[in-house]
Amino acid sequence: MKILVLIKQVPDTETSIKVSGAGIVDAGIKWIVSPFDEHALEEALRLKEKTGGTVIAASLGPDRVVEALRTAYALGADQAIHIKDDSYNVLDIGYAGSVLAKFVEAEKPDLILTGHVAIDSQSSMVPSMIAQTLGCANINNAIELKVEGNKVVVKREIEGGSAVMEASTPVVITAAKNLNEPRYPSLKGIMAAKKKQVDVKAADSFGSGFAKVEIVSLELPPPRPPGRIIDGDAPETKAKELVKALREEAKVI
Amino acid sequence: MAVLAVAELKGDSLKKISKELVSAGRTLGTPVVALLVNGNDAQAKELLGAGADTVVKATLANYSPEGMANIVSAVAKEKGAKIVLAAHSVLGRDYAGRVAVQLGANVAADVVSIKGSLENVELRKPVYSGKAFANIRIKSPAVITVRPNSQEVKAHSGAEAIETSSAGEGNVTGKITSTDMSGGSKIQLTDASIIVSGGRGIKGPENWPLLQALCDVTGAALGASRAAVDAGWISHSAQVGQTGKTVSPNCYIACGISGAIQHLAGMGSSKYIVAINKDKDAPIFKVATYGIVDDLFKVVPAMTDEFKKVLG
């Protein structure tokens, strides 16, 4: 079984974001693999350990994403592919979906795994774009995955419950947090990953009909209106005052 | 040329986001066509009342992302839709990308503001966990997902057209074999206009009823911080934050939540934030509209009692 895991490199949550023009200042940003993509990679590695196969990790972006691909190597991926685009922007969702779909078509994997959302753009569009291009099913928010021959049985989280979906390969599956507990790379894995070859493919070679998004501006969020600490001589008095504020000032309850 | 807004249901009722989508659609141009899958005439009338010129009803007997995408795409083509608006929800994420590919459309997701025209759409969306906002322009045709609770619903009158489309699920390869909605009766976090959330400060799962009582009286959904989820006090489906759900209710009441950056990433766009915490230095107070520095075990029941009095 050939398993392709799409990973995205994103700024660490703790990193503070500084805006410059229509982009962010790269200096000082700590880049990580988007957390849900770690769950996708973990599931791929577990499947391989159980039933054999190959795990390929791929990432679209500038040269810095090679670091994310080395992390995938350190965790146990067999091959890493860098889809190189020096000007890739986090808001170019249609473009990313189109390029990655064509890349996946060329790779012909049995299973395509990725996180259910990337924490930078929070778009969740790319997986279903890939599935439509391939003419196969997409199953989002997986919390359990079983592969039986060319059939997958996936339990997914839905609003208010869960659902079990079945599909045949190829299929695009996105990982939710509860799918598994990702492993940590071993020191040996990290050392070995440094020597491994990361294959490079130009994003251009997967052409895209999608015009890149025009970014008018990037702004820091507007400051929140100043808050008010509600004082009082007892918790009950404060609670009463808060209820009054929510009812009469904010008018939200 | 038209805008197609794809409605979403929760059980027997129309989700608020459905009306937000038709109202937002009107700001771009008309006609606004609302697609109602598996809905009834009462729901269709609600959509007309929020800004739809026409409601198209369609049937999808067995839900699948593929079937839903095929119906949306077929109706979009039938109606000459230049813009398709969908909820940025579990359902919307299932099919929006598929529709974009079928229509050869541009995409934008999780937007909080929509302006412009049917040709050029100006959008605003949070990026980097709400640490920045991007103002972007895309050309139609475009498929856009909209963050629930981000749009105003504007009453509209005059339209009465309800049609039925014969669009079907088409070619489907992935099927649902069973569903379990045992947790289904509660109000969904992502749709809720009020959320009461608990963190490490609630001390243990035995204390959820205290927060649930406040939820019950105010019609709020119950949420939790990662600390409470990781401690095993509540299921991950209740988690608000970076690795949980992103919510933007009108009112978010954080009880015993310190306000780590990962938590703020999930609820920072709430309109009003209330923080109840014993620690006056908790970072949550920096974003709170109203703060109470006190013991939540005393404040929360007192709030519940007070709401019971004023709400009857």
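**Two chains joined through strands and a shared sheet**

In this predicted model, the bridge partner of A:Ile215 in β10(B) is B:Ile136. This pair belongs to a ladder in which strand β14 (residues 214–219) of chain A and strand β10 (residues 132–139) of chain B run antiparallel, joined by five bridges.

The contact between the chains takes 78 residues from chain A and 76 residues from chain B. On the side of chain B that touches chain A, the largest share comes from helix α4 (residues 90–103) of chain B, with 10 residues. Sorted by class, that side of chain B has 36 nonpolar, 26 polar and 14 charged residues.

A second link between the chains is found in a sheet. Here 10 strands form an open sheet with mixed pairing, in the order β13(A)-β7(A)-β6(A)-β1(A)-β8(A)-β12(A)-β9(A)-β10(A)-β11(A)-β13(B). At its edges stand β13 (198–202) of chain A and β13 (175–180) of chain B; each has a single partner strand, so one side of each is left without a neighbour in the sheet. From one strand to the next, the twist averages 35°.

Within this sheet, strand β10 (residues 151–158) of chain A and strand β11 (residues 161–168) of chain A run antiparallel and are joined by eight bridges. In this pairing, A:Glu157 stands opposite A:Ser162 in β11(A). Helix α2 (residues 66–75) of chain A packs on the sheet, where the helix touches β6 (54–61), β7 (79–84) and β13 of chain A. The direction of helix α2 of chain A makes about 165° with that of β7(A).

At the level of domains, chain A is assigned domain 1 (2–206) and domain 2 (223–253). The C-alpha centres of these two domains of chain A lie 44 Å apart.

Chain B may be considered as a whole. Its secondary structure comes to nine helices and 18 strands. Taken along the principal axes, the C-alpha atoms of chain B fill a box of roughly 60 × 40 × 40 Å. The radius of gyration of chain B is 21 Å, which agrees with the value near 20 Å for a compact globule, because chain B has 312 residues. Of the 312 residues of chain B, 60% count as buried. Among contacts in chain B between residues at least 6 apart in sequence, 64% join residues at least 24 apart.

Terms used
Residues are numbered from 1 along each chain as its sequence is written. Chains are lettered from A and ligands numbered from 1 in the order in which they are written. This is a predicted model: local features need pLDDT of at least 70, side-chain atom pairs count only at pLDDT 80 or more; totals for chains, interfaces and linings use all residues. Two residues are in contact if their C-beta atoms, placed from the backbone, lie within 7 Å. Helices (H or I, at least four residues) and strands (E, at least two) are DSSP runs, numbered from the N terminus. Ala, Val, Leu, Ile, Met, Phe, Trp, Tyr, Cys and Pro count as nonpolar, Asp, Glu, Lys and Arg as charged, and the others, Gly among them, as polar. Two strands pair if DSSP finds at least two bridges between them. Domain bounds come from an automatic or database domain assignment. The radius of gyration is taken over C-alpha atoms; the globule rule is 2.2 Å times the number of residues to the power 0.38. A residue is buried if 20 or more other C-beta atoms lie within 10 Å of its own, exposed if 12 or fewer, and partly exposed in between; C-beta atoms are placed from the backbone. Axes are lines fitted to C-alpha atoms, for helices over the stretch in contact, and angles run from 0 to 180 degrees between N-to-C directions.
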